[in-house]
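Please open the structure in a viewer and keep the selection tool at hand. The tour below proceeds stop by stop, stating at each one what to select and what is found there.

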Amino acid sequence: MTRLIFLGPPGAGKGTQAKVIADSLNIPHISTGDILRQALQQQTPLGVKAQSYMDQGELVPDQLVQEMVQERLAQPDTNSGWILDGFPRTVKQAAFLGELLQEIKQNDERVINLDAPDDVVVTRLLGRGRKDDTEEVIRRRLEVYRSQTAPLIDYYSQQQKLLTVNGNQSQEEVTTELKQVIAS
Ligand code: AMP
């Protein structure tokens, strides 16, 4: 059973790689960013609440994303495993997830830290052209990553759940390294 959390700065290639690996393992790829963008597009109550945070590169309040993830992990397709991409992003979310996984007896998750230097991720994000990929918002997202999400590297390392993969190589090379790490 494969249960993976993808951690790393915006632009490290988490989304792309998570999709490839999830497809190859035939398990759902759960991206909180994708779920939020869809909610925003459909202007659901969740989307309306999340919009201003997302537009500014800030984190959506923990409670909102936590409920979203809890609901998603209750879907039957997650019985075969899953990849979480973009969640958790704060220590509070990680603690919530840890408890939830224990409750649903899925607490054998591993965490992949997909690492890449700032100049590389900024160049990638600028080339991506998403609505929240303006230079100012990118800078803010990186700050938020460093202050709120990067502490999770230590958090999961202390729990001996952390695996690190170098995101600063070609897409194919990253995929190959990921597959090796996951199989080991
Ligand atoms: P992403 O596609 O993962 O880069 O997420 C895009 C935006 O959605 C982020 O900049 C946040 O505003 C919001 N978001 C996604 N995941 C989370 C999360 N786990 N906690 C808080 N906000 C999130």
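**Stop 1: the strand β1**

Begin by selecting I5 together with L84, its bridge partner in β3. Helices (H or I, at least four residues) and strands (E, at least two) are DSSP runs, numbered from the N terminus. The model is a predicted one, in which local features need pLDDT of at least 70 and side-chain atom pairs count only at pLDDT 80 or more, while totals for chains, interfaces and linings use all residues. Residues are numbered from 1 along each chain as its sequence is written, and side-chain values use heavy atoms, with hydrogens and water left out.

Extend the selection to the two strands: β1 and β3 run parallel and are joined by five bridges. Next, select F6, which stands opposite I112 in β4; here β1 and β4 pair in the parallel sense over four bridges.

Which residues cover the two faces of β1? T2, L4 and F6 lie on one side and R3, I5 and L7 on the other, and all are buried. Buried means under 20% relative accessible area, exposed over 50%, and partly exposed in between (1.4 Å probe, protein chains only). Because six of the six residues of β1 are buried, the strand is largely enclosed by the rest of the structure. In a regular strand the side chains alternate between the two faces of the sheet.

**Stop 2: the whole sheet**

Select the five strands, which form an open sheet in the order β2-β3-β1-β4-β5 with parallel pairing. Two strands count as paired if DSSP finds at least two bridges between them. The edge strands, each pairing on one side only, are β2 (29–31) and β5 (162–166). From one strand to the next, the twist averages 25°.

At one edge, select β4 and β5, which run parallel and are joined by five bridges. N113 has T164 in β5 as its bridge partner. T164 also merits a selection of its own: its contacts are N113 and E177, not counting residues up to four places away in sequence. Contact means heavy atoms within 4.5 Å. T164 is partly exposed at 46% relative accessibility. For a sense of scale, select K49 as well: the C-alpha atoms of T164 and K49 are separated by 34 Å, and the two residues are 115 apart along the chain.

**Stop 3: the nonpolar cores**

Select I5, L36, L73, W82, L84, L97 and Y156, the residues that touch the most other members among the 23 residues of the largest nonpolar core. Such a core is a set of buried Ala, Val, Leu, Ile, Met, Phe, Trp, Tyr and Cys residues joined through side-chain atoms within 4.5 Å. The elements that give two or more residues to this core are β1 (2–7), α2 (32–41), α3 (45–56), α4 (62–72), β3 (81–85), α5 (91–103) and α8 (151–158). Apart from it lies another core, of 18 residues, including L4, A12, V174 and V181.

Return to L73 and display its surroundings: L73 touches I30, T78, W82, L97, L100, L101 and I104, not counting residues up to four places away in sequence.

**Stop 4: the helices α2 and α4**

Select α2 and α4, which pack with their axes 11 Å apart at an angle of about 105°. The angle makes α2 roughly perpendicular to α4, a term that covers 65 to 115 degrees. Axes are lines fitted to C-alpha atoms, for helices over the stretch in contact, and angles run from 0 to 180 degrees between N-to-C directions. T32, I35 and L36 of α2 meet V65, M68 and V69 of α4 in this contact.

**Stop 5: backbone details in the loops**

Most residues other than glycine have a negative phi, and most peptide bonds are trans. Select F87 and P88: a cis peptide bond joins them, with omega about 0°. P88 lies in the loop between β3 and α5.

Which sign does phi of N26 have? It is positive, near 60°, in a residue other than glycine. N26 is in the loop between α1 (14–25) and β2 and is exposed, with a relative accessible area of 68%.

Finally, select K105, which is not a glycine but has a positive phi of about 55°. K105 is located in the loop between α5 and β4, and at 70% relative accessibility K105 counts as exposed.

Technical notes:
Parallel < 35°, antiparallel > 145°, perpendicular 65-115°, else oblique.
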